[in-house]
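Notebook open, coffee poured. I want to jot down what I looked up in this one, spot by spot.

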Amino acid sequence: MGDSPDEDTPPWLSGEGEDEASQPSAAELEAAGQSALFGDIPAPSVPVGAASVPAAKLAQTADSAAQPYRVLARKYRPQTFSQLLGQEPMVRTLANAIARDRLAHAFLMTGVRGVGKTSTARLIAKALNCIGPDGQGGPTIDPCGQCEPCRAIAEGRHIDVIEMDAASNTGVDDVREIIEAVRYAAVSARFKIYIIDEVHMLSRNAFNALLKTLEEPPPHVKFLFATTEVDKLPVTVLSRCQRFDLRRIPAALLAEHFGRICTAEGVWAEAEALAMIASAAEGSARDGLSILDQAIAHADMDGGEGQTQVTAAKVREMLGLADKGAQRRLFACLLNADPAGLLDAVEDQFALGVEPLALMRALMELTHRVALTQLAKGEAAGVSEEERQALADWAARLSVGQVHRLWQLLLKGHDEVRAAPDPLMAAQMALLRVLHAAELPDPGSLEKLLKDAAARGVGVAGASATAAGNAPAATQNADPADALMEWSILCDRVEQEGLLRVTQVMRDYVQVIELAQGRLIFTTPADFTDDITADVRDALRRATGEAWQVQRGSGNALPSLRQRELAARAAEQARIRNHPLVTATLAAFPGAELVEDGEVAEVNRYSQRR
């Protein structure tokens, strides 16, 4: 480049003719810097006659003695791609790109918090600038971690790997500094790398200023972006980057990782405790390690030789979670319709410090696991054998519809508890509603019951089977009231099918002689001569889904529904007229008439028009 020397020889290829022994090591330089800043650190005493200890070892010992405690999330940050949890597709893509020398000039890492976006950016910087223990290596997916570039990048002091927080450097001036600096070659590394964290915080003008450089950067420059809100990035930036979506880390993988860390830290932890921490982390390794750090500080030291013990009870107490056994007892009270036991269980959990909202969420989680068990996907979901057995029993006992209805009721209750002024009372009322609703059939089952009852009602009065042909035989209805009721139900079902004209004919003119399962013999009044046999047969078939034998006959017939309605109305009017009070009123007002409510309304409308 124009501003660089004509011959840029990397420092790892220079040094010919120099005495390597005269060059100070990296540890000695670090010790010298510490001494210049903080004064001389007393070196450990060496007994007389003991073998001499190298200066680098003494500096390393003194540095570890002065090193303050680091939280687990920083101490166990991945240093190689093999230590990165749950991101195998991205690692495979990067490995292939490095092996085939098809490296993009800009990478974008996106995902939720704590899944390794910034760690991945640093690992890519190490992979691109690693020179190997012998100083002759090239880009590799497995950086050695021993060469000076690897160590400097891991310690955050490499001059050619620039990390910038976009949340505090959002303007055009900050981006202009990058644009000016990219023209110059790397000082001591193969690539000059810019890591911009939370890149979505850059302003619109800053993004616009970066576009040209991002599209055509110098060959020695790489951009690594990390963000949790990729939807806020302009499309013009996304199109210039190779994007990697880092996934949430599965809870089982997190629990296994936490177990290894506890072993390295000399801490004993229960498997259930680690499972609860992994579940609370919600796929974030950093969140999980922060919770684990807190759990270790909260744990007892009852083990041998003061060993820290992280138990499930302590983690549950620290996180304010409901006990698994208490959750199952509460869930059983819901299913068994035990309101007294339900309220007692809620009170006990509240007294132990479990928040009502956490209790509702625990029941929702249990319902979800029952649903997964029904799909044969939840066999290993339970931590203990007792829990797995309970899940299997509930999955076999409840139908799929009941589980989904239980989920909907709990979800509604969860929202009510969150918004209520008194969460405890809201949780109690919501769970009581769930308890009573569990006794009711779901709409699908209720509809099926009604259809079955209607179908049974048609065949109860006269359905039987002959011994010879095992076919339904038509028998005379013993009770006319039952036959009329059955015929009325059939007319209603025909009306529901939208056959209004046929329904009106069936009610007004059909006089039932014989009604049995799939068989109807009828007659009509003498003044009605239309042939309606085919229409009635088709209507009954559509309404019941069965074939019907319909024919006109003769004999003792029941009145039609219309005739029965008119007879009932005439009888009611006669009963009213014969009432002593009505008789006295008609005698006092000669010429008075009895009219019904509808007729009175019609008379009033006529009077108003006049």
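**Asp338 and its patch**

I started at Asp338, which sits in the loop between helix H14 (324–335) and helix H15 (339–351). Worth remembering as I go: this is a predicted model.

Next I checked how much of Asp338 is covered. Its relative accessibility comes out at 34%, so Asp338 counts as partly exposed; the partly exposed class runs between the 20% and 50% cut-offs.

Then I asked which residues form a negative surface patch with Asp338. The partners turned out to be Asp344, Glu347 and Asp348.

**Thr523**

I moved on to Thr523 and found it in strand E9, residues 519–523.

Buried or exposed, I wondered about Thr523? Thr523 has 17% relative accessibility, so I put it down as buried, since buried means under 20%.

I also pulled the contacts of Thr523, skipping its neighbours within four places in sequence. That left Tyr509, Val510, Gln511 and Ile513, plus Gly553 and Ala557.

**Whole chain**

Last, I zoomed out. I noted 26 helices and ten strands in the chain. The chain has 610 residues, and 37% of them count as buried.

For the surface I wrote down about 34,700 Å² exposed by the chain, with carbon and sulfur atoms supplying 53% of it.

I finished with contacts between residues at least 6 apart in sequence: 71% of these join residues at least 24 apart.

Conventions: Residues are numbered from 1 along each chain as its sequence is written. This is a predicted model: local features need pLDDT of at least 70, side-chain atom pairs count only at pLDDT 80 or more; totals for chains, interfaces and linings use all residues. Side-chain values use heavy atoms; hydrogens and water are left out. Patches are made of residues with over 30% relative accessible area and no salt bridge: like charges are joined within 9 Å, nonpolar side chains (Val, Leu, Ile, Met, Phe, Trp, Tyr) within 5 Å. Accessible areas come from the Shrake-Rupley method with a 1.4 Å probe; for residues, only the protein chains shown count as cover. A salt bridge is a side-chain nitrogen of Lys or Arg within 4 Å of a carboxyl oxygen of Asp or Glu. Lys and Arg count as positive and Asp and Glu as negative; His and the chain ends are not counted. The place of a charge is taken as NZ of Lys, CZ of Arg, CG of Asp or CD of Glu. Helices (H or I, at least four residues) and strands (E, at least two) are DSSP runs, numbered from the N terminus. Buried means under 20% relative accessible area, exposed over 50%, partly exposed in between (1.4 Å probe, protein chains only). Contact means heavy atoms within 4.5 Å.
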